[in-house]
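Reader: I'd like to go through this one with you, label by label. Can you show me the structure before I start asking?

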2 protein chains.
Amino acid sequence: MAYRETEKMRQRKAEARQRIIECTWACVSEGGFRSARITRIAALAGVATGTIYRHFESREDLFAEIFRLATQREVDKVAEALTVGESTVQRLENALRQFATRALKGPMKAWALIAEPVDPKVEEERLVYRKAYASLFEQAIQDGIAEGCLPDQDARLTSTCLVGAISESLVGPLSPTQTKTPPGHENNDNDLVETIVCFCIRGLTGTRS
Amino acid sequence: MAYRETEKMRQRKAEARQRIIECTWACVSEGGFRSARITRIAALAGVATGTIYRHFESREDLFAEIFRLATQREVDKVAEALTVGESTVQRLENALRQFATRALKGPMKAWALIAEPVDPKVEEERLVYRKAYASLFEQAIQDGIAEGCLPDQDARLTSTCLVGAISESLVGPLSPTQTKTPPGHENNDNDLVETIVCFCIRGLTGTRS
DNA sequence: GAAAGCATTGAATCAATATTCATTCTTTGT
DNA sequence: ACAAAGAATGAATATTGATTCAATGCTTTC
């Protein structure tokens, strides 16, 4: 026996894997999943196409992993936002605002994660993460109900409605075919976010606050 | 000159086209767009694959057409529901309920139209029709604002929120991987619909009605 | 019933990349 | 320095249905 995997090698491989992940995300951020070519990713990462397949089973698996990592970051941000605020309602508002604002800041990324047509394995991840968002909201809503600041409701369902309402109302603005704000509507984004948040909070609270 | 298209022929062609459309919709109703094979459609319609291409430019075009027809039916139903009811709010409730109820009645069809990952040309149609739904709601909301029974709001955006909230909360139940209601939850569907409608109406009105 | 023009057929072709794998290069332990 | 064990390479291959088109069959007109 003359070769055994050493720490140095393990690290080098990890770095390659990391580079592949980063370059894939770079490609996706630029044009979504569909247009991200393995050859391009390999070139960017400075490896051969074959090497990618030592690190990931298949293109779909690679994409699923990228999706998972990227979305987890977003979920974490929302979870974090959900801890900030005096009242439960404020915390929810904060989280919704965070979600929408971040999406509008990186439209192509958000589109890829929220609305781009993707292959089954990635779509599966998407469903998982939609549930993850919904679960975060669900918990907060249940807290709100317990505190008495939200009317009794099926928290699971209404949390899903929140996710749907935000996502849908962002799809138009995010859509890569019409990403540019028409002139004279520059700080529309703020109004957009506020209207969505307002709708959502009303949906939960049933008040005009 | 020995042949000119005659009425009889025109009709025969129209029938073939119609049959192709119906069989395509049958396939889609069964497994969505992705799994609808041209060969299968041709076989069902009793024509050769090549024939399909005299009636439609391409698979995508065929699908886009099928999507248009199917969705238009749904839009019409919603539009119709929107005319029934004493008050604007009741009419909106009615329309939302119609949308959700019909989707739950044909889960695979609804999934194909609302949530299945589809090719660009079909996705384009989907955007068009989401706007169509939103426009219907938008008009009603504006009426409501004018009448004073809805608070002032960006009708375009809140209508989009409605579409998003319903669609999203239906996606889970519709998803072809988990179409069966778990035992003991048989008439969940009604509660589901009512909760969604309630959320939406609250979102619009800001009251607990 | 014959010729001309269209429609239909479906096996063969195409297209577009993801994926493979024989070969080459690197690392490791003695 | 050498051999053993991996790792990396990237040109060649595989895949998968959609799409084409030469051959065949129907309709129509005279």
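Reader: How do the residues of the surface near DNA strand D divide into nonpolar, polar and charged?

Author: Bear in mind that this is a predicted model. The surface near DNA strand D has nine nonpolar, six polar and eight charged residues.

Reader: What makes a residue one of those that surround DNA strand D, and which are the closest?

Author: A heavy atom within 4 Å of the strand is what it takes. For DNA strand D, 23 residues surround it, with Thr51(A), Ala2(B), Thr6(B), Arg12(B) and Tyr53(B) the closest. On the DNA side, sugar and phosphate make up 71% of the strand D atoms that come within 4 Å of the protein.

Reader: What makes Thr49(A) a polar contact of a base in DNA strand D?

Author: The cut-off for a pair of N or O atoms is 3.5 Å. An N or O atom in the side chain of Thr49(A) sits 3.4 Å from a base nitrogen of DNA strand D, so the pair is within the 3.5 Å limit. Gly50(A) uses a polar backbone atom instead, 3.3 Å from a base nitrogen of that strand. For Thr51(A), the partner is a phosphate oxygen of DNA strand D, 2.3 Å from a side-chain N or O atom. Two or more residues of the surface near this strand come from each of these elements: H3 of chain A, plus helix H1 (7–31) and H3 of chain B. H3(A) gives the most, with four residues.

Reader: Which contacts reach the phosphate oxygens of DNA strand C, and how do you know that the one from Ala48(B) counts as polar?

Author: A backbone N or O atom of Ala48(B) is 2.7 Å from a phosphate oxygen of DNA strand C, so this pair falls within 3.5 Å and counts. Lys13(B) places a polar side-chain atom 2.7 Å from a phosphate oxygen of the strand. Thr51(B) has a side-chain N or O atom 2.4 Å from one.

Reader: Which element gives the most to the surface near DNA strand C?

Author: That's H3(B), with four residues. The surface has nine nonpolar, six polar and seven charged residues.

Reader: What does UniProt list for residues 37–56 of chain A?

Author: The unreviewed UniProt entry gives that span as "DNA-binding region". In the model, the span is 75% helix and 0% strand, and its end C-alpha atoms lie 15 Å apart.

Reader: How do you know that the two copies are related as by a two-fold rotation axis?

Author: A turn of 180° and a shift of 0.1 Å along the axis lay chain B on chain A with an RMSD of 0.1 Å. The copies are therefore related as by a two-fold rotation axis. Among the residues of chain B, Gly203(B) comes closest to that axis, its C-alpha being at 1.8 Å.

Reader: Why do you say that the copies meet through the same surface?

Author: Because 100% of the interface residues of chain B are also interface residues in chain A.

Reader: Why is Gly203(A) called buried?

Author: The limit is under 20% relative accessible area. Gly203(A) has 1%, so "buried" is the right label. This glycine, Gly203(A), lies in helix H9 (residues 188–205) of chain A. Setting aside neighbours within four places in sequence, Gly203(A) is in contact with Phe199(B), Arg202(B) and Gly203(B).

Conventions:
Residues numbered from 1 in each chain as written. Chains lettered and ligands numbered in written order. Predicted model: local features only at pLDDT ≥ 70, side-chain atom pairs only at ≥ 80, totals over all residues. Heavy atoms only, no water. UniProt positions renumbered as here; feature names shortened; annotations may be inferred. Polar contact = N/O pair within 3.5 Å; in protein donor to acceptor, adjacent residues only side chain to side chain. Nonpolar A, V, L, I, M, F, W, Y, C, P; charged D, E, K, R; others polar. Least-squares fit on C-alpha atoms with pLDDT ≥ 70 in both. Contact = heavy atoms within 4.5 Å. Buried < 20%, exposed > 50% of the residue type's maximum accessible area, 1.4 Å probe, protein only.
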